[in-house]
Amino acid sequence: MRTVRTILLLSWWAGIAASIGHGTEPADIVFREVFAGPKLGPEWCVDASEGNVIAIGDGSLEIRAAENTYAHIERRLGVDHVRASCEVRPGSGVSWCTSLFLYWAPGTWCQMGIIPRGDGRYYACIASEGRRSEHDLTRCRFADWHAVAIELGRDCIRFLSRADGQHWKTEFLAARPAS
């Protein structure tokens, strides 16, 4: 069983520096979802295999899904340059690992999760134009909950983790594929 606890936070960025290695912190928050209500609002779309659960409670969203199945929520924002974050508890699998995904164009997306390789690793995947690039990142404790985030900038994608609960660490920085 794979599980995701989510407080979705998407931030509009004032801008990203032209150099991939130099960026700015997120600016004003244009959208924040804390999942405080008893159910998702009508702007959300739920897509899940039969038997999987998407539940709201205690100010978070919990997604429980059996291995080799799917369960997710989605919402169109109509803005770019965002940060999305959540907490994930790993399950087995690599490409189907418990993850946070961001889609910004048909067939163009990225993923940040935890895989079982080497007793636990952060994992990133970027897909564009029918190709995928997969990246095994820093080791982590596989059995624990992990805060992960993806920042989608004008020219780059940052994959982040927050092991101490306070400070985000860049696990991987990649050029953003054309879309």
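How exposed or buried is F101, in terms of relative accessible area? F101 is partly exposed, at 32% relative accessible area, where buried means under 20%, exposed over 50% and partly exposed in between (1.4 Å probe, protein chains only). The legends below start from the sheet and end at I150.

Before we zoom in, please note that this is a predicted model, in which local features need pLDDT of at least 70 and side-chain atom pairs count only at pLDDT 80 or more, while totals for chains, interfaces and linings use all residues. Residues are numbered from 1 along each chain as its sequence is written, and side-chain values use heavy atoms, with hydrogens and water left out.

**View 1. An open sheet of four strands, β9-β10-β11-β12.** The strands follow one another in that order with antiparallel pairing; strands are DSSP runs (E, at least two residues), numbered from the N terminus, and two of them pair if DSSP finds at least two bridges between them. At the edges sit β9 (99-105) and β12 (131-139), each of which pairs on one side only. Neighbouring strands here are turned by 10° against each other on average, direction ignored; the axes behind this angle are lines fitted to C-alpha atoms, and angles run from 0 to 180 degrees between N-to-C directions. Take a look at β11 (residues 121-128) too: seven bridges join β11 to β12, and the two run antiparallel. One of the bridge partners to find is R131 in β12, which is matched with S128.

**View 2. Two loop residues with positive phi, D119 and E129.** As background, most residues other than glycine have a negative phi. D119, which is not a glycine, has a positive phi of about 65°. You will find D119 in the loop between β10 (108-115) and β11, and its relative accessible area of 65% makes D119 exposed. E129 has a positive phi as well, near 55°, and is likewise a residue other than glycine. E129 belongs to the loop between β11 and β12 and counts as exposed at 58% relative accessibility.

**View 3. Salt bridges, with E62 and R64 among the partners.** The structure holds 10 salt bridges, each being a side-chain nitrogen of Lys or Arg within 4 Å of a carboxyl oxygen of Asp or Glu. E62 and R64 meet through their side chains at 3.4 Å, N to O; E62 is partly exposed at 28% relative accessible area, and R64 is partly exposed at 30%. In the salt bridge of E151 and R158 the N to O distance is 3.6 Å. Here E151 is buried at 4% relative accessibility, and R158 is buried at 9%. For K169 and E171, the closest N and O atoms are 3.7 Å apart. K169 is partly exposed, with 42% relative accessible area, whereas E171 is buried at 12%. Salt bridges with shared partners also join E33, E43 and R75 into one network.

**View 4. Aromatic pairs, including F101 with W109.** Rings of Phe, Tyr and Trp (its six-membered ring) pair if their centres lie within 6.5 Å, and planes under 30 degrees apart count as stacked, over 60 as edge-to-face and the rest as tilted. By this rule the count comes to five aromatic pairs. One of them, F101 with W109, is tilted, at 5.6 Å centre to centre and 55° between the planes. W109 is buried, with a relative accessible area of 13%. The rings of F159 and F172 have centres 5.8 Å apart and planes at 35°, so this pair is tilted. This pair links distant parts of the chain, 13 residues apart: F159 in strand β14 (residues 156-161) and F172 in strand β15 (residues 169-175). F159 is buried at 0% relative accessible area. Look also for the cluster in which ring pairs link F101, Y103 and W109.

**View 5. I150, a buried residue of strand β13 (residues 146-152).** The relative accessible area of I150 is 0%. I150 and F101 are 49 residues apart in sequence, with their C-alpha atoms 8.1 Å apart in space. Not counting residues up to four places away in sequence, I150 touches a set of residues including V82, L100, L102, M112 and I157, where contact means heavy atoms within 4.5 Å. Two residues from the earlier views, R158 and F159, are also among those that I150 touches.
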